[in-house]
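This report goes through one model, starting from a single helix and moving outwards to the contacts between chains and with DNA.

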Protein chains: 2
Amino acid sequence: MKASKKPVIAAECDRTIDIYTKAAQIFHEQGFDATSMSNIAAAVDLTKAGLYYYIESKEDLLFAIMNYAMERLETMVIEPSREVADPEQRLRSIIERHGRLLTEGNKAITILTDEIEGLKPKHRKQILDRKRVYFYFVRGTLDAQRAEKKLRNVNTTVATFGLFGTLLWLPRWFRAEGRLTSEEVIGQIANIALSGLLSTSCEAQSA
Amino acid sequence: MKASKKPVIAAECDRTIDIYTKAAQIFHEQGFDATSMSNIAAAVDLTKAGLYYYIESKEDLLFAIMNYAMERLETMVIEPSREVADPEQRLRSIIERHGRLLTEGNKAITILTDEIEGLKPKHRKQILDRKRVYFYFVRGTLDAQRAEKKLRNVNTTVATFGLFGTLLWLPRWFRAEGRLTSEEVIGQIANIALSGLLSTSCEAQSA
DNA sequence: TGAGATTTACTGACCGGATGGTCGGTAGAA
DNA sequence: TTCTACCGACCATCCGGTCAGTAAATCTCA
């Protein structure tokens with residue numbers, strides 16, 4: 001018999017999580033296509049054949065990583081932010097929580113944006129559908145600001161993608177060993193984004 | 001004898017430009033590693049062997065595309081913007097010109113950000129060095145705003161990367177067939193960025 | 001002008017190596 | 001004895017790249 005009793009839902013046993021994390025790390029460094037299964041196997045102290053005891057295929061591994069990352073995004077960014085009633089504070093919560101996820105060590109979350117092309121169409125659609133929910137949630141938060149007449153005169157779709165650009169670019173340049181801590185950087189980004197989008201606080205509060 | 005008398009400077013004959021453009025398009029769609037040389041050859045109506053009459057290697061093709069893209073960035077964004085004396089107007093010029101390059105048809109410019117890992121270290125360093133010049137140019141423009149006390153209380157490095165994120169994310173979502181024209185989108189992005197970074201115009205002027 | 005030489009632009013067939021994936025087997029725990 | 005976790009060896013396929021050869025265009029010079 002082959003692996004994965006619960007094929008997709010992620011977060012099974014210790015070993016599986018370890019494989020996801022290490023694989024995500026390597027995919028992040030080298031890219032999905034440039035990474036061989038032997039690479040990953042070696043990183044988790046297995047042979048390639050041993051690795052296939054835990055996963056079904058390379059594409060399946062990528063899909064599992066992305067599902068794992070989506071779960072983290074949902075539980076650590078979306079769900080807590082939904083609880084925030086005030087739209088401005090909700091926006092700040094989204095930026096800060098998503099920023100934290102992107103700057104912490106686990107690279108699964110960056111795979112989510114960089115390697116969708118590696119998925120088969122069916123799996124890709126599943127992930128994109130889940131991402132779309134997040135997109136609408138953020139855009140809806142901006143629309144709510146518009147209702148309160150706090151939003152500048154901008155198209156909310158453009159504003160949302162603009163914000164995502166700034167956020168998702170973070171892992172490409174942020175270094176934990178650098179001069180600024182992740183909290184400092186995230187705070188600054190939140191301030192820039194909020195003052196770029198909202199007309200209320202002409203000088204945003206400091207982090 | 002093999003190809004390329006002027007090996008790297010790009011923009012040789014018609015056919016070479018055609019190859020660069022088509023290859024950039026396919027690299028953009030499928031990724032560098034996922035694209036085979038036969039793919040590219042077929043797209044320009046050649047056999048793989050015929051393609052190698054024009055290029056030296058796959059990596060060399062990527063490098064040529066990136067040099068070509070850097071040249072366009074330098075002549076169409078950096079050089080004209082250097083002429084703009086006022087820092088705020090210079091920043092707007094950078095955003096608008098770079099935005100235009102990113103939303104027009106030629107995909108070479110997006111390869112520049114997405115496929116650096118495909119280059120050999122030596123070539124990668126050359127491209128990164130050239131990119132760094134651009135980075136310092138933009139950050140310098142923000143520093144100039146600070147000197148004029150028009151910049152909000154933000155770290156200019158964070159602000160620069162934040163701006164790059166918004167810009168470089170553009171080609172991932174913008175569709176020329178969509179509701180908004182590229183000029184409208186670029187104008188909105190410029191307004192958001194300028195009001196996010198500068199404290200002068202609390203409501204930025206419309207495009 | 002035109003016959004022969006050379007160059008340009010290209011092809012089909014081929015090669016070594018790497019890759020994703022499989023399979024029969026096995027040590028040790030339960 | 002059965003099941004879990006794993007390995008060494010193997011396979012078909014594909015990929016980047018090469019090479020010998022060639023049709024047509026271009027040049028050379030009597």
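## Helix H1 of chain B and the core

In this predicted model, the buried residues of H1(B) are Ile19(B), Tyr20(B), Ala23(B), Ala24(B), Ile26(B) and Phe27(B). Their cover includes H2, H4 and helix H6 (108–114) of chain B. Helix H1 of chain B takes in residues 14–30, which is 17 residues. At 1.5 Å a residue the expected span is 24 Å, and the end C-alpha atoms are 24 Å apart, so the two values agree. After H1(B) comes Gly31(B), which has a positive phi, near 90°.

Nonpolar side chains tend to be buried together in soluble globular proteins. Here the largest nonpolar core has 107 residues. The members that touch the most other members are Ile65(A), Ala69(A), Ile65(B) and Ala69(B). Once neighbours within four places in sequence are left aside, Ala69(B) is in contact with Ala108(B), Ile109(B), Ile111(B) and Leu112(B).

## Chain A as a whole

Chain A has nine helices and zero strands, and its elements run α-α-α-α-α-α-α-α-α from the N terminus on. Chain A has 207 residues, of which 40% count as buried. Among contacts in chain A with a separation of 6 or more, 66% join residues 24 or more positions apart.

## The two protein chains

How are chains A and B related? Chain A is superposed on chain B by a rotation of 180° with 0.0 Å of shift along the axis, at an RMSD of 0.1 Å. That is the relation of a two-fold axis. The C-alpha of Gly196(A) is the one in chain A nearest the axis, at 1.7 Å from it. Both copies use the same surface, since 100% of the contact residues of chain A recur in chain B.

The contact involves 31 residues of chain A and 31 residues of chain B. On the side of chain A that touches chain B, helix H8 (156–173) and helix H9 (182–197) each supply at least two residues. The largest share of that side, 10 residues, comes from H8(A). By class, the side of chain A that touches chain B has 16 nonpolar, 11 polar and four charged residues.

## The DNA strands

The table sets out the surroundings of each DNA strand.

| DNA strand | Residues around the strand | Closest residues |
|---|---|---|
| C | 15 residues | Ser36(A), Ala49(A), Lys58(A), Ala49(B), Gly50(B) |
| D | 16 residues | Ala49(A), Gly50(A), Ser36(B), Ala49(B), Lys58(B) |

Which elements give two or more residues to the surface near DNA strand D? They are helix H3 (48–51) of chain A together with helix H2 (37–43), helix H3 (48–51) and helix H4 (58–82) of chain B. H3(A) provides the largest share of the surface near DNA strand D, three residues. The residues of this surface divide into six nonpolar, five polar and five charged.

For DNA strand C, the elements that each supply at least two residues of the nearby surface are helix H2 (37–43), H3 and helix H4 (58–82) of chain A together with H3 of chain B. The surface near DNA strand C has six nonpolar, five polar and four charged residues.

Terms used. Residues are numbered from 1 along each chain as its sequence is written. Chains are lettered from A and ligands numbered from 1 in the order in which they are written. This is a predicted model: local features need pLDDT of at least 70, side-chain atom pairs count only at pLDDT 80 or more; totals for chains, interfaces and linings use all residues. Copies are superposed by least squares on the C-alpha atoms of residues with pLDDT of at least 70 in both. Two residues are in contact if their C-beta atoms, placed from the backbone, lie within 7 Å. Helices (H or I, at least four residues) and strands (E, at least two) are DSSP runs, numbered from the N terminus. Ala, Val, Leu, Ile, Met, Phe, Trp, Tyr, Cys and Pro count as nonpolar, Asp, Glu, Lys and Arg as charged, and the others, Gly among them, as polar. A residue is buried if 20 or more other C-beta atoms lie within 10 Å of its own, exposed if 12 or fewer, and partly exposed in between; C-beta atoms are placed from the backbone. A residue is near a molecule or strand if its C-beta atom, placed from the backbone, lies within 6 Å of it. The expected span of a helix is 1.5 Å times one less than its number of residues. A nonpolar core is a set of buried Ala, Val, Leu, Ile, Met, Phe, Trp, Tyr and Cys residues joined through C-beta atoms within 7 Å.
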